[in-house]
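Reader: I'd love to walk through this model with you and ask how each label was earned. Could you show it first?

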Amino acid sequence: MPGTERASAREAKVTVVPPGGGERVALPRGSSSDLVITDGTVESNSSMLGYSVFTPGTETKQKVHVDAEELAYIVSGSGSLLVGREAIGYGTGDSLHIPAGVPHGIRNDGTEDLVMVFFFPTPNYPRTVDG
């Protein structure tokens, strides 16, 4: 479902993507990611934005974003970023930088949903392989 475009005073296109306006990706244990700002919802974008909700006990397989770094902000909850055999803890208000090419997975080892907003400097979810 494409977003609603509005013209500003400079005639640039501003797009508002409403809740549910992106693509939802189902994850294990009832978790999900929503790809909100992509070239499917916004014209001429060069970056993408999404958010994930990881339920308690969720652990994702490690993956590698081959050509793009990932930035993330933890809106609520806590968990661990799994990098190889290392677990790096984080919680509400923390920001994450994951360089391109680094294998990583997400684990919600807390008792509440982990809500994370993520960003890539690509117009869609970047090329990703198993870690």
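Author: Happy to! Let's start with the largest nonpolar core, which has 15 residues; Ile74, Tyr90, Leu96, Ile106, Leu114, Met116 and Phe118 touch the most other members. β5 (48–54), β7 (70–76), β10 (95–98) and β12 (114–120) are the elements that give two or more residues to this core. With four residues, β12 gives the most. The model is predicted, so local features need pLDDT of at least 70 and side-chain atom pairs count only at pLDDT 80 or more, while totals for chains, interfaces and linings use all residues. Residues are numbered from 1 along each chain as its sequence is written, and side-chain values use heavy atoms, with hydrogens and water left out.

Reader: What makes a set of residues a nonpolar core?

Author: The term covers buried Ala, Val, Leu, Ile, Met, Phe, Trp, Tyr and Cys residues joined through side-chain atoms within 4.5 Å. In soluble globular proteins, nonpolar side chains tend to be buried together.

Reader: Why is Ile106 called buried?

Author: Its relative accessible area is 7%, and buried means under 20% (exposed is over 50%, partly exposed lies in between, with a 1.4 Å probe and protein chains only). So Ile106, at 7%, counts as buried. Ile106 sits in strand β11; strands here are DSSP runs of E with at least two residues, helices are runs of H or I with at least four, and both are numbered from the N terminus.

Reader: Which residues does Ile106 contact, leaving aside neighbours within four places in sequence?

Author: Among them are Phe54, Thr58, Tyr90, Leu114 and Met116; contact means heavy atoms within 4.5 Å.

Reader: What makes His65 buried?

Author: Its relative accessibility is 2%, so by the cut-off His65 is buried. His65 lies in strand β6 (residues 63–65), and residues up to four places away aside, it touches partners including Glu70, His104, Phe120 and Tyr125.

Reader: How do you know that Glu112 is partly exposed?

Author: At 45% relative accessibility, Glu112 falls between the two cut-offs, so partly exposed is the right label. Glu112 is placed in the loop between β11 (105–107) and β12. Beyond four places in sequence, Glu112 is in contact with Phe54, Pro56, Ser76 and Gly77.

Reader: What is the distance between the backbone nitrogen of Gly77 and a polar atom of the Glu112 side chain?

Author: The two atoms lie 3.5 Å apart.

Reader: And what about Arg29 and Ser44: which sign does phi have in each?

Author: Phi of Arg29 is near 60°, a positive value in a residue other than glycine. Ser44 also has a positive phi, near 60°. Most residues other than glycine have a negative phi. Arg29 is in the loop between β3 (23–26) and β4 (32–37), while Ser44 lies in the loop between β4 and β5.

Reader: Why are Arg29 and Ser44 called exposed?

Author: Arg29 has a relative accessible area of 57% and Ser44 one of 77%. Both values pass the cut-off for exposed, so both residues earn that label.

Reader: How are the strands of the open sheet ordered?

Author: Six strands run in the order β3-β4-β5-β12-β7-β10, with antiparallel pairing. Two strands pair if DSSP finds at least two bridges between them. The edge strands are β3 and β10, each pairing on one side only.

Reader: What makes β7 and β12 a pair?

Author: They share five bridges in the antiparallel sense, and the requirement is at least two, so they pair. Ala72, for one, has Phe118 in β12 as its bridge partner.

How values were computed: Polar contact = N/O pair within 3.5 Å; in protein donor to acceptor, adjacent residues only side chain to side chain.
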